[in-house]
Amino acid sequence: MIASRLSALRIRFLDVLEARMAECEALRDRLEAGLPEAERVEAVRAICFAAHKTVGVAATLGFADLGMLSQRVELAVTDFLDRSEPPTTIRMVISLTDDMLGEMALILAEAGH
Amino acid sequence: MRILAVDDDEMILELLSASLGAAGFADLTVAGSAAQALEQIAATRIPFDCFLLDIQMPEVDGIDLCRAIRRNPVYAAAPIVMITAMSQKSYIDRAFSAGATDYVTKPFDPVELGARIRLASKMVESERALTENRSAVATLRAQLERERFVDLNEPISIPDVDAVIDLQALENYLLQLSRSGLFATSIFAFKVVGIETIYASTSPIDFRYLLTDVAEAVSTALRSHERFVAYAGNGVYVCVAHGRGALDLEVIEGTANLIVEEMALTNSRGVPLKFRLRVGSPVRVGLVRAGRGAVDALYVAIESAEQDAPKAEDGRSGEHWSQFRLA
């Protein structure tokens, strides 16, 4: 019974993932284009939130690599916002976001989305 | 067992429902925020037995929600399991300080989650059995004494003392810390010298008050360190302390004994009680021990305190009981 419920959840997750990927792509492009400080912080927070939501579910539903890549994004953004040492740059955040987006695209392509 | 799960992600709530249902825990109520959870708690006629809380939620996070639940006397001892993707040590520490009894990181394994909830269920059943065994015929004082009865070796709960948590919660905390989280961590234990004599000549309520006062002394002696303390039974308090510099246990032991002396504990006849706390050998963890190894270190430290502590010089029981401050 749990297998069938997880299977149904996977289908829903893929739908959510499509929307989430589009959102993160738009945020990532805005970051690369350059933003004033306040908007940049808002954009990275939004990416972090999307990554956090993905971490929570991905691996449990069988998408372990996506879970790992999303967690890296979340940790990088946290360090960036906390101004941790050594410093995490916006370029690093964008690069890790690209890795996460790549994995999302792969999953969706394999699922026929 | 009635469970309340709180997470702002609907999918997680569905995952929890599927996993817990498969493990045999079908009585699950869900809430999408801390505010909704508190409304559910206020509205329910039958109290919840166990809580599953996400940490990162908008407005009020899971740690503050945990604290709010603990303020309700009905839930003072209820199992609270944090389920979250936040695996950093600071979040784990904050969760246990707020009253969490266990911690599961996402992605969670449905089988492991079921095992954790079964453990929580045993805690609930044990508490319920104790409650049901009370005699309705006894006088109010006898009832109170019976409720408060504690076996000398029992690792009882000591609520409302800063940084003091249950032994089971401390085990769960150590299991959750990664190897890096355990770096520069020491585990050691205090022993009340002559506890057997004190126990033999003390009423159950007074014995509980003593244990609470000593817990306060130990926790205060360690207050300049990140620490958790748990009572392990038989007058032993096991401590987990973090810090890059070496802990000076001689100073800490001395400080704890000074605090006990300042408390000026006496028996009900006003005769001053003299006992000492003795620290056993510390166990360093992190590089050498992690996971189950760190939990084993807990029991090595407890045994060390039991072995290192000398017996009471005076074996007589007559003068070694005390009237303690009310908690």
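Biologist: Which exposed residues are on the face of α2(B) turned away from its buried side?
Modeller: That face of α2(B) carries B:E39, B:A42 and B:A43. A residue is exposed with 12 or fewer other C-beta atoms within 10 Å of its own, buried with 20 or more, and partly exposed in between; C-beta atoms are placed from the backbone. Helices (H or I, at least four residues) and strands (E, at least two) are DSSP runs, numbered from the N terminus.

Biologist: Ground rules for the model?
Modeller: The model is predicted: local features need pLDDT of at least 70, side-chain atom pairs count only at pLDDT 80 or more, and totals for chains, interfaces and linings use all residues. Residues are numbered from 1 along each chain as its sequence is written, while chains are lettered from A and ligands numbered from 1 in the order written.

Biologist: Back to α2(B). Which of its residues are buried?
Modeller: B:A34, B:A37 and B:I41, in a helix that spans residues 34-43. They fall within an arc of 60° seen down the axis, so they line one face of α2(B). The arc is taken over directions from the helix axis to the C-beta atoms.

Biologist: What covers them?
Modeller: The cover includes β1 (3-6), β2 (28-31) and α3 (62-71) of chain B.

Biologist: What's the strand order in the sheet?
Modeller: β2-β1-β3-β4-β5 of chain B, open, with parallel pairing. Strands pair if DSSP finds at least two bridges between them. β2 and β5 (102-105) are the edge strands. Twist averages 20° from one strand to the next.

Biologist: How many bridges join β1(B) and β2(B)?
Modeller: Four, in the parallel sense. B:L4 stands opposite B:T29 of β2(B).

Biologist: Switching to chain A. How many helices and strands?
Modeller: Four helices and zero strands. Of its 113 residues, 35% count as buried.

Biologist: How many residues does each chain put into the contact?
Modeller: Chain B gives 14 and chain A gives 16. Contact means C-beta atoms, placed from the backbone, within 7 Å. Helix α1 (residues 10-22) of chain B supplies the largest share of the chain B side, seven residues.

Biologist: At what angle does α1(B) pack on α1 of chain A?
Modeller: About 170°, with axes 9 Å apart; α1(A) covers residues 2-33. Axes are lines fitted to C-alpha atoms, for helices over the stretch in contact, and angles run from 0 to 180 degrees between N-to-C directions. The two helices are therefore roughly antiparallel, a label for angles over 145 degrees. Among the residues in contact are A:L6, A:F13, B:L15 and B:A18.

Key
Two residues are in contact if their C-beta atoms, placed from the backbone, lie within 7 Å. Angles under 35 degrees count as roughly parallel, over 145 as roughly antiparallel, 65 to 115 as roughly perpendicular and the rest as oblique.
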